[in-house]
Amino acid sequence: MFPSHDSALRRRALLGGAVAAGLPLATAGATKGPAAAAAAGPSRSSARPTTRTRRPNIIVILADDLGYGALGAYGQQVVRTPHLDRLAREGIRFTQGYSGASVCAPSRTTLLTGMHAGHTRVRSNAFRTTGEQPRLERGDTTIAEVLRAGGYRTGVFGKWGFGDDDLVTPNPLGLACGIHQPADVGRGNFAVANRRDPSHPLQKGFDRFVGMVTTEHAFQYWPDFLWSDNRRFRLRGNEGEQRGTYAPQVHLDGALSFIDRHRDDEFFLYYAPQLVHFPNEVPDTRAYDDKVGWTPEMKAYAAQYTLLDTYVGRIIDRLKRHGLDDKTLVVFTSDNGPTPNEHALAGSGRCTDVLTPSPTSGLADVLWRTNGGLRAGKHSLYEGGIRVPLIAWGPGVVKADRRAVADRPWGSVDLLPTLADIAGVTPPADVDGVSVRPWITGERPAGRRAHPPLYFERPPNTDQNLDGGPPAQLVYTTAVRWGRWKAVRHAPGRTPTIADNQALFELYDLAADPAERRNVAALNPAVARRLQAYLRSAHSPAPKRRLRYRPRLTGRAVRVRR
């Protein structure tokens with residue numbers, strides 16, 4: 001369905017990741033195998049290492065716009081997600097997991113770089129207001145660059161969301177099929193490779209990429225083309241507004257092929273399907289066709305959740321087929337909360353080329369409580385916008401006492417240092433996240449240091465926030481989760497660093513009030529002052545200058561049976 005992998009390109013990428021970065025191929029307490037194998041490139045016929053253990057494979061699955069209450073394991077009563085529910089039962093279901101931001105681009109930047117929203121390069125969905133695409137640059141070290149430097153094979157499949165694609169034609173908005181605003185026509189050359197864009201996946205540490213570069217492209221479930229590594233390829237089945245090739249299926253096929261190809265390697269797979277982002281487009285709605293009183297849009301929306309769940313199940317089945325289930329750590333999470341307002345405005349999937357309103361799927365978010373009863377959803381820094389499912393699964397890796405760790409707050413900002421720690425590679429020295437490896441593996445922690453505060457930003461933007469706070473166009477909103485406390489600060493204008501007496505400040509005790517109904521700032525002045533000070537200090541003007549990444553092996557990798 002897509003072109004075969006270019007082995008020579010992959011070897012050059014691996015050499016750039018390990019050797020050119022200055023990674024020592026051996027350190028005290030570390031074996032030579034992983035880094036040396038990475039530098040040498042793929043070699044099925046080469047001698048296998050003689051050790052009986054290896055480092056675990058790592059798979060990160062990032063859903064799109066999937067809220068805290070959207071899975072059965074998190075209380076969902078309507079939508080069916082049996083595979084993810086099983087992963088939650090067999091692994092760890094974290095109940096206080098957080099995305100990096102309340103919209104996709106800054107949230108994905110946090111996940112990929114380990115920098116919180118006050119330090120990341122990308123802090124908003126800039127294309128909504130400026131017309132410019134969110135971008136990563138050479139100094140923005142990603143999880144893939146870290147793990148590849150340590151010898152892992154790396155692949156990303158699905159929605160990337162950074163850099164440019166001059167052939168993408170955004171789906172126009174309209175009230176009906178054929179009656180809509182005209183879209184900008186892509187003007188690029190189809191045959192031109194995207195080799196010089198530092199924001200492209202293959203320039204950010206990934207050896208393999210199948211998917212969509214920009215967020216707008218990911219609005220299309222039946223697109224004309226996708227990317228394979230640095231080149232586009234056509235989906236002939238979708239020509240002439242036909243629905244012959246479903247993009248999420250292509251992304252899944254790429255992920256499964258990557259597992260097949262690297263079943264004998266240590267690999268990192270980042271799987272980021274568009275599901276369950278609008279529009280509500282699926283190959284069929286059979287799983288919910290028996291629902292009386294549901295509109296077609298509601299059935300399609302529910303089917304998106306169950307299809308995503310099915311795809312996750314297929315990945316787990318493929319691991320088991322190769323005997324990799326006890327050699328792999330799988331982390332599942334979401335980039336932000338659910339989107340009833342976006343579904344109401346542009347959720348319909350009746351047309352392939354037009355986004356039309358779907359009030360019933362917007363209502364479904366409310367009726368199905370996809371935010372888990374938390375306040376608000378996507379675009380908001382209240383809990384419904386940033387608290388998301390967070391599941392860690394892996395029979396050979398995940399061994400923590402669930403009762404002790406499942407309720408601790410952490411999030412996607414911690415994934416890079418945590419996964420680097422598990423892989424035995426140093427993370428960049430200036431990341432904001434911290435390793436929570438013992439919470440996943442059950443190992444005795446080196447100390448009892450508390451997790452640092454979790455920080456979030458939402459710059460002024462044109463998106464609609466239905467959360468009871470000031471209009472998003474008028475304020476720079478920041479938030480912090482610190483122990484049981486949650487603070488939200490709305491600063492008028494375009495900077496969050498104004499004086500406290502000019503900002504609207506709210507304080508919530510999440511242990512007693514997880515839905516953030518009672519502002520208790522006046523009752524806790526000392527806590528309020530401490531969190532106000534932190535909120536002012538956590539922001540740095542963009543772009544924040546990063547330290548140069550100098551990777552090395554630590555000799556402390558998690559080991560599993562080979």
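Which residue in β16 does Y476 stand opposite? In this predicted model, the partner across from Y476 is A491. The two strands around this pair offer a friendly way into the structure. Strand β15 covers residues 475-482 and strand β16 covers residues 485-492. They run in the antiparallel sense and are held in register over eight bridges.

Stepping back from that pair, β15 and β16 belong to an open sheet of four strands, arranged in the order β14-β15-β16-β17 with antiparallel pairing. At the edges of the sheet lie β14 (454-458) and β17 (504-509), each of which pairs on one side only. On average, neighbouring strands here are turned by 15° against each other, with direction ignored.

The interior comes next. In soluble globular proteins, nonpolar side chains tend to be buried together. In this model, the largest nonpolar core has 58 residues. Those with the most contacts inside this core are I59, L66, L269, Y271, L319 and F332. Several elements give two or more residues to the core, among them the strands β2 (57-63), β10 (267-272) and β11 (328-334), and the helices α3 (82-90) and α6 (247-261). The largest share, 13 residues, comes from α7, which spans 296-321.

I59 shows what such a position looks like up close. Neighbours within four places in sequence aside, I59 is in contact with I259, F267, L269, I315, L319, T328, L329, V330 and V331. Apart from this core lies another one, of 54 residues, which includes V146, W160, A392 and V560.

Finally, the cysteines deserve a look. A disulfide is a covalent bond between the sulfur atoms of two cysteines. A search of the whole structure turns up one disulfide, and this bond joins C177 to C351 with an S to S distance of 1.8 Å. The two cysteines come from distant parts of the chain, 174 residues apart. C177 sits in the loop between β5 (174-176) and β6 (179-180), while C351 sits in the loop between α8 (340-346) and α9 (359-367). The torsion about the S-S bond is about -90°, so the disulfide is left-handed.

How exposed are the two ends of this bond? C177 counts as partly exposed because its relative accessibility is 42%, whereas C351 is buried, with a relative accessible area of 4%. Another cysteine, C104, counts as buried because its relative accessibility is 2%; the cut-off for buried is under 20%.

Key
Residues are numbered from 1 along each chain as its sequence is written. This is a predicted model: local features need pLDDT of at least 70, side-chain atom pairs count only at pLDDT 80 or more; totals for chains, interfaces and linings use all residues. Side-chain values use heavy atoms; hydrogens and water are left out. A disulfide is a pair of cysteine sulfur atoms within 2.5 Å. Buried means under 20% relative accessible area, exposed over 50%, partly exposed in between (1.4 Å probe, protein chains only). A nonpolar core is a set of buried Ala, Val, Leu, Ile, Met, Phe, Trp, Tyr and Cys residues joined through side-chain atoms within 4.5 Å. Contact means heavy atoms within 4.5 Å. Two strands pair if DSSP finds at least two bridges between them. Axes are lines fitted to C-alpha atoms, for helices over the stretch in contact, and angles run from 0 to 180 degrees between N-to-C directions.
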